[in-house]
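Dear colleague,

I am passing on the structure we spoke about, and below it you will find an account of what I found in it. Please read the notes with the coordinates open beside them.

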Amino acid sequence: MIRTLDDLDAEGAAVGVRVDINSPLAADGLADDARLRAHVDTLSELADRNARVVLLAHQGRPGGDEFSTLAAHAARLDELLDASVGYCDATFSSDARDRVDALDAGSVLVLENTRFYSEEYMEWDAEEAADTHLVAKLAPALDAFVNDAFAAAHRSQPSLVGFPGRLPSYAGRVMERELDVLGNIDESPEPRVYVLGGAKVTDSVDVARSVLERGLADAVLTAGIVGNAFLLADGVRLGAASAEVVNDRSAEAVKRAGDLLDEYGHRIYLPRDVAVGRDGERVELDLADLPSPEPAMDVGSRTVAAYADVLEDAGTAVLNGPAGVFEDELFAYGTRELYESAARAEYSIVGGGDTAAALRRLGIEGFSHVSTGGGAALRMLTDGDLPAVTVLDD
Ligand SMILES: Nc1ncnc2c1ncn2[C@@H]1O[C@H](COP(=O)(O)OP(=O)(O)O)[C@@H](O)[C@H]1O
Ligand SMILES: O=C(OP(=O)(O)O)[C@H](O)COP(=O)(O)O
């Protein structure tokens, strides 16, 4: 059974709360605060119940553009919450532990990006994770652990799976809600159409295989860089620029996409056209017009029309990842159209950090459930288990 905040004696307790506030960044700070706002209920409840709330979170991946401190996140949380929110530029050092010890009841402290520490970017089993430096050093300063980071719950990293071995542990309100909705997807209306876009090529190929093998998906529509990977796997010569974007993520995934096309090609839909930028304009190219020197940045209108036909009959639409570089208005068309078609399905689930940002930016509403997780939601839908959830279950 997974315990929730209803089971936690919060008064005066130092509660470590793992959240997922991993967000798109802009030059001057956060480009979108949806993931921060998602945790407001959990954090407000704990602060109102006089807990000393200690936040653990990651931002970006080592070496990536969005790998940064959590200073901007703490400042935004301070605006979003009634409680006072402090920031500490360390995670488990004596400085960090001193700040935890000095924290007032009803206040919040944001510790530094957990991925600044190399152990955090490795996968562990729960017992080993409990012995990592981060967990072994920080746990003694805490009385309890709450995992509200559904969006990262598919990762077996120390801050996600290590604390339950050392502290009484609970699911936060976001985690509780997500498990409630996504745990019952196999009872959702058929036919089920999965729309896989975005940049996580390897994860998406794995998801496609799983939902097709398990008979959960009647159709898989591919878009974004994922769609480009499937086009390459199908032998389409997109051009060196597009191929480089895909291969930078995973050349191996293209091979695996090819294997999947061999087995399930009749249920996998590939883009029929793509959009590139030429002299500052959007230009749509049919597959016959490729290769193109410019990278494919969006799906074109023929793809949108074909996918809309499939989605029109969907009982359930499950969507992850944008169809193109929606951040640039020239290439937002595919995402806008595809999301609007998916939102019209009888039951529709959408997930992903960038996907949620796209929904807000493009003003699209009407999904039955907007999950805070992309990879986590898909993994939950396909495997039904998540490592960070399994360790909460006792
Ligand atoms: N054709 C494309 N070329 C380059 N980037 C793309 C393309 N299609 C989508 N993207 C990018 O993919 C990113 C989001 O993908 P991903 O992180 O997988 O989504 P999510 O966070 O919703 O799971 C966006 O920043 C978007 O610009
Ligand atoms: O943004 C996230 O994943 P998502 O984009 O699949 O929702 C989570 O914060 C997990 O991040 P990660 O995929 O770098 O482990």
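**Helix packing**

The crossing of α10 and α11 is right-handed. In this predicted model, α10 and helix α11, which covers residues 240-264, pack with their axes 7 Å apart and at an angle of about 60°. An angle of that size lies neither under 35 degrees nor in the range of 65 to 115, and that makes α10 oblique to α11.

A second helix pair can be set beside this one. Helix α9 (residues 201-213) and helix α15 (residues 375-383) have their axes 9 Å apart and pack at an angle of about 20°; since angles under 35 degrees count as roughly parallel, α9 and α15 are therefore described as roughly parallel to each other. The crossing of α9 and α15 is left-handed.

**Sheets and hairpin**

As a reminder before the strands are described, strands of a sheet pair through backbone hydrogen bonds, either parallel or antiparallel.

One open sheet is formed by 6 strands in the order β11-β10-β9-β15-β16-β17, and its pairing is parallel. At its edges stand β11 (268-269) and β17 (369-371), each of which has a single partner strand, so that one side of each is left without a neighbour in the sheet. At the β11 edge, strand β10 (residues 219-222) is joined to β11 by 2 bridges, the two strands running parallel, and Val-220 has Ile-268 in β11 as its bridge partner.

An open sheet of 6 strands with parallel pairing is also found in the order β5-β6-β4-β1-β7-β8. Its edge strands are β5 (85-87) and β8 (169-171), each of which pairs on one side only. Neighbouring strands of this sheet are turned against each other by 25° on average, with direction ignored. Between β5 and strand β6 (residues 108-110), which run parallel, there are 3 bridges, and the bridge partner of Val-85 in β6 is Val-108.

Antiparallel pairing is found between strand β12 (residues 273-278) and strand β13 (residues 281-286), which are joined over 6 bridges. Within this pair, Val-274 stands opposite Leu-285 in β13. The hairpin that β12 and β13 make has 2 residues between the strands, and Asp-279 in this hairpin takes a positive phi near 50°.

**Ligand surroundings**

Which residues come nearest to ligand 1, out of the 20 around it? They are Gly-198, Gly-224, Gly-352, Thr-355 and Gly-374. The elements that give two or more residues to the shell around ligand 1 are α10 (224-233) and α14 (353-362), and α10 is the helix already described as oblique to α11. By class, the shell around ligand 1 divides into 7 nonpolar, 10 polar and 3 charged residues.

Around ligand 2 the residues are Asp-20, Asn-22, Arg-61, Ala-151, Ala-152, Arg-155, Gly-352, Gly-353, Gly-373, Gly-374 and Gly-375. The shell around ligand 2 has 2 nonpolar, 6 polar and 3 charged residues. As for the domains, the shell around ligand 2 draws at least three residues from each of domain 1 (5-175) and domain 2 (183-381). Gly-352 and Gly-374 appear both in the shell of ligand 2 and among the residues that come nearest to ligand 1.

With best regards

Key: Residues numbered from 1 in each chain as written. Chains lettered and ligands numbered in written order. Predicted model: local features only at pLDDT ≥ 70, side-chain atom pairs only at ≥ 80, totals over all residues. Near = placed C-beta within 6 Å. Nonpolar A, V, L, I, M, F, W, Y, C, P; charged D, E, K, R; others polar. Domains from an automatic or database assignment. Helix = DSSP H or I, 4+ residues; strand = E, 2+ residues; numbered from the N terminus. Pairing = 2+ DSSP bridges. Axes fitted to C-alpha atoms, helices over the stretch in contact; angles between N-to-C directions. Parallel < 35°, antiparallel > 145°, perpendicular 65-115°, else oblique. Left-handed = near helix turned anticlockwise from the far one by under 90°.
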